[in-house]
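Welcome to a short guided tour. Please open the model in your viewer and keep the selection tool at hand, and we will go from stop to stop together.

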Amino acid sequence: MKIFNSISYYLIEKLIVFKTLNFKLITLNLIVLAFSSCTKEITLDLKEADIKYVMEADMDDSLGFRMHISLSQPYYNDNTFPVITDAAVTLSDNEGNSRNIAHSGDGWYKDSTFKTVVGRTYTLKVVGKDVEYIASSTVRPTIGIGYIVAQKFNFGGGNDGPIRVLQLWYQDPAGAGDHIRVVVNNKKDPSSASNINLQDDRFNDGLVSQLFLFSGGGDDDGYRIQPGDTVHLSLQTIDKAVYDYFLTLDQISGQGGGFGGGVTPANPTTNWSNAGLGVFNACTVRGRYFVVPD
Amino acid sequence: MKLHKHYILSICLILLANTVFSQQKYTISGGVKDAKNGEELIGASVYTKENLTNGTSTNAYGFYSLTLPEGKHTISVQYLGYQLYSKEVELTGNLKLDIEMGSSSKELQAIEVKGEKDNINVTGAQMGVTKIDINEIKNIPVIFGERDVLKTISLLPGIKSAGEGNAGFYVRGGGTDQNLILLDEAPVYNASHLLGFFSVFNSDAIKDLTLYKGNMPAEYGGRLSSVVDIRMKEGSQKKYVFTGGIGLIASRLTVEGPIVKDKGSFIVSGRRTYADLFLKLMKDTALKKTQLYFYDLNLKANYRIGLNDRIFVSGYFGRDKLGLSGLFGIDYGNATATARWNHIFNSRLFSNTTFIYSNYSYKINLDLGGSKIDITSKVQDWNVKEDMQYYLNTHNTIKFGLQSIYHTFVPGVITASENSGFNSSELPRKYAWENALYLQHEKEFGNLININYGLRVSAFSLVGPGTFYTFSQDSVNQGQISDSTVLGKNKFLQSYLNFEPRVSSSFILDERNSIKASYSRNVQNLHLLSNSTTTSPTDRWIPSSNNVKPEIADQIALGYFSNFKKNMFEASVEVYYKWLYNQVDYRNNAQLRGNSFIEADLLTGKGRAYGAEFFLKKKTGKLYGWVSYTLSRTERSFEGIDRGRWFAAKQDRTHDVSIVLMYELHPKWVISATWVYYTGNAVTYPANKYEMNGKVITYYSERNGYRMPAYHRMDIGLTWNRKMTEKRESSWNLSIYNVYMRENPYIIQFKSSGSRSYAEQTALFKIVPTITYNFKF
């Protein structure tokens, strides 16, 4: 019987990879079980590339500006990433406002008073030792949260009862070109935070629209919400370049080498010049707490 | 243009040179069939014993025509696996002679002195061609008990399997979409079932498979790398026959018989997998509700009207159904229909008129918390073809014809239920009209040189209605819309006219040895966009357009062919070099699904492929089989990828070895084994890593700069022919796939846990034993 298990799980896994539209189906834990006997760690001889700045910069109308700068590392090094504490950071907008942002500890550069204004374009410049990176991002009109539902699904592993998936409803403004990103934080298990829930409005322009929020952001084996959990949702209205960045980041998360070695993985498209890593996201954000009902 | 004019002129000159006759000649023509069931034999050698160079071979409908001087001749016909046929005839006028051939066992073939004409592989002009005899491959071990012609051809030199769980194959460095797969002349757009584990071809319904590795004759066109011409059986003309097989996950049944004895026959063949039935037995409720099966149906009928006309109708219908707990489902498949009319104008002019319909479609259903969404897509062809064969004389055959195809592409229709949060919408449809004309001449110069040359002229037009965008190609605005055109119905947007010269020739050193050389140009106007390695049902076909130019390939090949030990052994070495132009790839991170402006994400580049293919086959005796080895390189270069650096294409495999051996232990017992080895696919691995939002992200540098570990595997099979009588046949087949349990990586994933990062490989099948029961009565 094992072989039938393997085949069916394999196929289900393939189905999940389709990621039709922007849906992402929950991967079954069972897949992992079925393959466990055929999975093993291997050591590869990997060439190293140049070390680059990794700049995660966020700016919104609530928390202002914050950026973390670290360095990329060779693949087989430990997962400790040195931070940059001495970069010269300048943030400006297209209305003539400009500020230098100082390092505030542990690789963070913050200014909670520099908040975004809809319609403005912000430019961020990072000058380090022998390197300079520039990125721009434009703030789109705000999209608010409509309401939140916890949908129950009887996916596989049905013996554990239904799986709950959060579903966010919102009004998409008329006219194509809106992009949203939703960040989900569960108080009970902060490590299950999901950062990459994305939707554009190619298929739902002007509608009361829905978006399923999967926990774990690409790693679906993690914690799943339970009745009684309190989760926090932040809905960011982002620009196209930022959307493309997260979409392409999602595609390589937890992947590599590809199925049969063929889906050619690539680095996410970024708005940083000089092929800097990370993204500069200037957006507006709306947040809400939600208690998962039984 | 000037060059082409010269080319056409020279064809005319060579034709004229043959019109001088010195002696009264007559034509003998007819059909060659299997005596047992009346199936026409394709490619049987027909010649005279007195002069071996007076020979021809039967066409795809079993027809031959031989023009000989008046007088006595011994007509001989030879076909692998059949007893030599000989008949003395006195030629005093045109003669019609239908020939029926009896089959012979493998052992008999070894003892029998083979006729001298069994060396068509050496003398014929055509190179880079492979024929698969369905009977010959029946003992090869298979996975899940399903014989699969597409898997079998990947055991031949120059043809590489696209990997486990993938029905695709690569020919001489071409992509999986550069193979033209024809089932009774109808193109099959997606040749795989169950996402690649099986091909759509039910071997019980197939008579013959011919594969051309890029040097295809001018009568074929439309794809760069190869043509796989699959012909369905006609059905027994003599009696009703039931054939079937019961396997662990699939079963099949074929019924064939005469409509009117020796005048017409039919065949119906069906197959279904039932892996899902086993799922129903499981405790897990979600798995119980999982749908997972495919079925296919092959139908064919033919009828002879008078002596000179014959009508064939054939069809294929196959569907895959995959579903997950009623939440997600995909249903996809091909449907093809072919109607053909063979007409013999006279003993030397044979005509075939074909009408073809082909459709590939899929439908995805999503039901997420009451929101229902359907997505449908299809590619549909209406196709008409006229092929003429003129047997000028023993040494000259002329083929000419035309073809016209109307393509409809429906990339995606989205139907969303009310309040689902999605708009019902449609991605723009595309229409295209493809036309081709060809002329081809097969000529023998004494018994020294055989040449087969021709020209195919193909035209492709993208037609309205629709709005068409032009995307900027310059480096600054790359992918931005630079212009748009609105076109009405049947208005032409963009047309491409291409000349595709083809020539193939053999220089016969002696009866056992020859050297062959060929050149061919192929043009492809349909392009498959796929962002997964494995064949996915949602891969998208797009036509050539104002943004996408036709793909072009030029191939030269040189080969040495030798038969020895009375044609018991067949050996060949072929080298090739292929230039590929206007190859399509997409920008990094392109969105292929649901994208109206897909062409904006495409890149155009070039490719080159070269290699050497070695083949040794033992055809007769108790031990038979073959060894094939290919040494090759396949590279691509795109302006937008690594600044145009040449990189190894994913199908680049330095070494590729296949060994296939079968041994008759006893007339009733056959043991078989296959072993394959190939260099791992070229892949992109990470160079560095970095941290984002507390997650470790891999960083990639050069495209396809690494190799997967080498793939190798051995399968063994045992066939017990329990009963072998005229009336009844039955056999048991035991196959063990991957017998030494090699863990070939199917996927390599890069993971992180705690303070370390590591690579993890997953192998699909460690070992798969299967038992199948086959019967025939």
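Before the first selection, one term is needed: two residues are in contact when they have heavy atoms within 4.5 Å. Keep in mind, too, that this is a predicted model.

**Stop 1: a residue and its neighbours**

Select Ile230(B). Which residues is it in contact with, leaving aside its neighbours within four places in sequence? You should find Ile181(B), Leu182(B), Leu183(B) and Asp184(B), together with Phe201(B), Ile206(B), Asp208(B) and Leu209(B).

Now widen the view to the largest nonpolar core, which has 71 residues. Ile230(B) is one of the residues with the most contacts inside this core, and so are Ile153(B), Phe169(B), Ile181(B), Phe201(B), Leu209(B) and Val228(B). Strand S24 of chain B, residues 349-368, gives the most to this core, with four residues. Another core lies apart from it and has 24 residues. To find this other core, select Met59(A), Tyr109(A), Phe114(A) and Tyr122(A), which are among its members.

**Stop 2: chain B as a whole**

Colour chain B by secondary structure. How many helices and strands does it have? The count is six helices and 51 strands. Of its 777 residues, 62% are buried. Chain B exposes about 28900 Å², and carbon and sulfur atoms supply 59% of that area. Among its contacts with a separation of 6 or more, 65% are between residues 24 or more positions apart.

**Stop 3: strands S29, S32 and S33 of chain B**

Select residues 449-463 of chain B, which form strand S29, and then residues 492-510, which form strand S32. These two run antiparallel and are joined by 15 bridges. For one matched pair, show Tyr453(B), which stands opposite Val503(B) in S32(B).

Next, add strand S33, residues 513-524 of chain B. S32(B) and S33(B) also pair in the antiparallel sense, over eight bridges. Here Ile508(B) stands opposite Ser514(B) in S33(B). The turn between S32(B) and S33(B) is a hairpin that joins them through two residues.

**Stop 4: strands S37, S38 and S39 of chain B**

Move along to strand S37 (residues 569-586) and strand S38 (residues 602-618) of chain B, an antiparallel pair joined by 16 bridges. Trp579(B) has Arg608(B) as its bridge partner in S38(B).

S38(B) also pairs with strand S39, residues 623-638 of chain B, in the antiparallel sense and over 14 bridges. Across this pairing, Tyr610(B) stands opposite Arg633(B) in S39(B). Then zoom in on the hairpin of S38(B) and S39(B), which has four residues between the strands; there Gly621(B) takes a positive phi near 100°.

**Stop 5: a sheet shared by both chains**

Show both chains for this one. An open sheet of three strands has the order S1(A)-S50(B)-S49(B), with antiparallel pairing. Why is one side of strand S1 (39-42) of chain A and of strand S49 (745-753) of chain B left without a neighbour in the sheet? Both stand at the edges and each has a single partner strand, so one side of each is left without a neighbour in the sheet. Neighbouring strands of this sheet are turned by 35° against each other on average, direction ignored.

Within the sheet, S49(B) and strand S50 (residues 756-763) of chain B pair over eight bridges. In S50(B), Ala763(B) is the bridge partner of Pro745(B).

**Stop 6: chain A**

Finally, select chain A, which has three helices and 17 strands. Of its 294 residues, 56% count as buried. Chain A exposes about 11800 Å², with 50% of it supplied by carbon and sulfur atoms.

Look for an open sheet of four strands in the order S7-S3-S2-S16 of chain A, with mixed pairing. Its twist averages 10° from one strand to the next. Strand S2 (residues 53-60) of chain A and S16(A) run parallel and are joined by six bridges. Glu56(A) stands opposite Val279(A) in S16(A).

End the tour at helix H3 of chain A, residues 240-252. At 1.5 Å a residue, its 13 residues should span 18 Å, and its end C-alpha atoms are 19 Å apart, which agrees. The buried residues of H3(A) include Val242(A), Tyr243(A), Phe246(A), Leu249(A) and Ile252(A).

Technical notes:
Residues are numbered from 1 along each chain as its sequence is written. Chains are lettered from A and ligands numbered from 1 in the order in which they are written. This is a predicted model: local features need pLDDT of at least 70, side-chain atom pairs count only at pLDDT 80 or more; totals for chains, interfaces and linings use all residues. Side-chain values use heavy atoms; hydrogens and water are left out. The expected span of a helix is 1.5 Å times one less than its number of residues. Buried means under 20% relative accessible area, exposed over 50%, partly exposed in between (1.4 Å probe, protein chains only). Accessible areas come from the Shrake-Rupley method with a 1.4 Å probe; for residues, only the protein chains shown count as cover. A nonpolar core is a set of buried Ala, Val, Leu, Ile, Met, Phe, Trp, Tyr and Cys residues joined through side-chain atoms within 4.5 Å. Two strands pair if DSSP finds at least two bridges between them. Axes are lines fitted to C-alpha atoms, for helices over the stretch in contact, and angles run from 0 to 180 degrees between N-to-C directions.
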